[in-house]
Amino acid sequence: YVRIWEDTDRFGNDQTGTGNMSDVELAKNIVYPAMSMSDDGTLYASYTNYGMHAVYYTTVGGNSTHVFNANDAPEETTILVTGSGSDAKVNVAFLANNQNGGNYANWTPYRSDAGGLYLHDEDLHDGDYTRMELLYHDKLFQQFKNFRLARGGNKIIHTAYYDVDTMSIHY
């Protein structure tokens, strides 16, 4: 097996974009790992850090790159890497499992307050992620599962996932 991260005091992964966290803090509460391999064989992983309420991706022996954080811990991740080396394109899909205010009455129809299926893409002009389908329509956490990403030759990112509310696959 290949150890990508280690949940102990021996964790030695340097992080980027994570403020003043120690290596040990970054290693705690790792959940929802996913893997992808670049064209040159470099293994990448995405994961949620429950303790930090954040999503990261990393390479074996590399630095963890911060993707997203919120007041509530994101759920599920998947990663797609195309290309290689400095030209590698990394996309991470994750479920921002949050809403504004902490109770049912506070679900608002505003994109800025809504969790949902988000996609990290460093080539975006408005930031590093885009909101795809949001949770405020059905007011249901954990609504989207089993995300899959693919990139066509035209650089369009295709996403498929399961919606537990409608019991259907979305594309």
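This passage walks through two open sheets in a predicted model.

Take the four-stranded sheet to begin with. Its strands line up in the order β6-β7-β8-β9, and the pairing is antiparallel. The edges belong to β6 (75-82) and β9 (129-134); each has a single partner strand, so one side of each goes without a neighbour in the sheet. From one strand to the next, the twist averages 20 degrees.

At the β6 edge, the partner is β7, which covers residues 89-96. These two strands run antiparallel to each other and are joined over 7 bridges. To pick out one contact in this pairing, T77 has F94 of β7 as its bridge partner.

The other sheet is built from 3 strands. It is open as well, with the order β10-β11-β12 and antiparallel pairing. Here β10 (144-151) and β12 (168-170) sit at the edges, and because each has a single partner strand, one side of each is left with no neighbour in the sheet. Neighbouring strands in this sheet are turned by 15 degrees against each other on average, with direction ignored.

The pairing at the β12 edge involves β11, which spans residues 157-163. Strands β11 and β12 pair in the antiparallel sense over 3 bridges. One of the residues to look at here is D163, whose bridge partner in β12 is S168.

As for what holds such arrangements together, strands of a sheet pair through backbone hydrogen bonds, in either a parallel or an antiparallel way. Both the β6-β7-β8-β9 sheet and the β10-β11-β12 sheet show the antiparallel kind.

Key
Residues are numbered from 1 along each chain as its sequence is written. This is a predicted model: local features need pLDDT of at least 70, side-chain atom pairs count only at pLDDT 80 or more; totals for chains, interfaces and linings use all residues. Side-chain values use heavy atoms; hydrogens and water are left out. Two strands pair if DSSP finds at least two bridges between them. Axes are lines fitted to C-alpha atoms, for helices over the stretch in contact, and angles run from 0 to 180 degrees between N-to-C directions.
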